[in-house]
Amino acid sequence: GEGEARAKVLAEVQLLREARQWETAREVLTQANLRFADDPDLLYEQSMMEEKLSHVDEMECLLRRVIALRPDHHHAHNALGVPLAD
């Protein structure tokens with residue numbers, strides 16, 4: 001099902017990250033984010049790959065999307081340097 005496919009993407013990305021294959025990981029996540037629209041975890045993962053590739057604008061854009069979808073996403077707030085509203 002969907003959850004399984006999503007878990008598979010995250011596992012694949014984890015392996016690519018460990019192998020320092022940022023470009024490939026980003027590709028996988030870009031495709032996944034087209035398939036699983038508005039998934040905060042996948043969007044956050046992609047933002048981290050954009051950061052590795054020094055794509056700061058893309059990273060910020062993705063992080064803002066994550067926060068819009070899940071306002072309590074601490075990692076996204078921290079990555080953007082935005083204080084989490086009480």
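These are my notebook entries on two helices, a nonpolar core and one aspartate in a predicted model.

**Entry 1: α1**

I began with the length of α1 (2-18). At 1.5 Å a residue, its 17 residues should span 24 Å, and I found the end C-alpha atoms 25 Å apart, which agrees. Next I asked which residues of α1 are buried. They include Ala 5, Val 9, Val 13 and Leu 16. These buried residues cover an arc of only 75° around the axis, so they sit on the same side of α1. That fits a rule I like to keep at hand: an α-helix has 3.6 residues a turn, so residues three or four places apart point the same way. I then turned to the face away from the buried side, and there I noted Glu 4, Lys 8, Leu 15 and Glu 18 as exposed. As for packing partners, the buried residues of α1 lie against α2 and α3. Just past the helix I looked up Arg 20, which follows α1 and has a positive phi, near 60°.

**Entry 2: α4**

I ran the same check on α4 (56-69). Its 14 residues, at 1.5 Å each, should span 20 Å; the end C-alpha atoms are 20 Å apart, which agrees. I listed Met 59, Leu 62, Leu 63, Val 66 and Ile 67 as buried in α4. Their arc around the axis is only 140°, which puts them on the same side of α4. On the other side I found Asp 57, Cys 61 and Ala 68 exposed. What covers the buried residues of α4? I found α3 and α5 among the elements that do.

**Entry 3: the core**

I moved on to the largest nonpolar core, which has 22 residues. Which of them touch the most other members? They are Val 9 and Leu 63. I also saw that α1, α2, α3, α4 and α5 (74-80) each supply at least two residues of this core. In general, nonpolar side chains tend to be buried together in soluble globular proteins. I followed Leu 63 further: leaving aside neighbours within four places in sequence, it contacts Tyr 44, Ser 47, Met 48, Ala 76, Ala 79 and Leu 80.

**Entry 4: Asp 39**

Last, I went to the loop between α2 (22-35) and α3 (40-52), where Asp 39 is placed. Is Asp 39 buried or exposed? Its relative accessible area is 11%, so I logged Asp 39 as buried, the cut-off being under 20%. Its side chain reaches the backbone nitrogen of Asp 41 at 3.0 Å. Beyond the neighbours within four places in sequence, I found Asp 39 in contact with Arg 6 and Asn 33.

Notes
Residues numbered from 1 in each chain as written. Predicted model: local features only at pLDDT ≥ 70, side-chain atom pairs only at ≥ 80, totals over all residues. Heavy atoms only, no water. Helix = DSSP H or I, 4+ residues; strand = E, 2+ residues; numbered from the N terminus. Buried < 20%, exposed > 50% of the residue type's maximum accessible area, 1.4 Å probe, protein only. Polar contact = N/O pair within 3.5 Å; in protein donor to acceptor, adjacent residues only side chain to side chain. Contact = heavy atoms within 4.5 Å. Core = buried A, V, L, I, M, F, W, Y, C linked by side-chain atoms within 4.5 Å. Expected span 1.5 Å × (residues − 1). Arc of directions from axis to C-beta.
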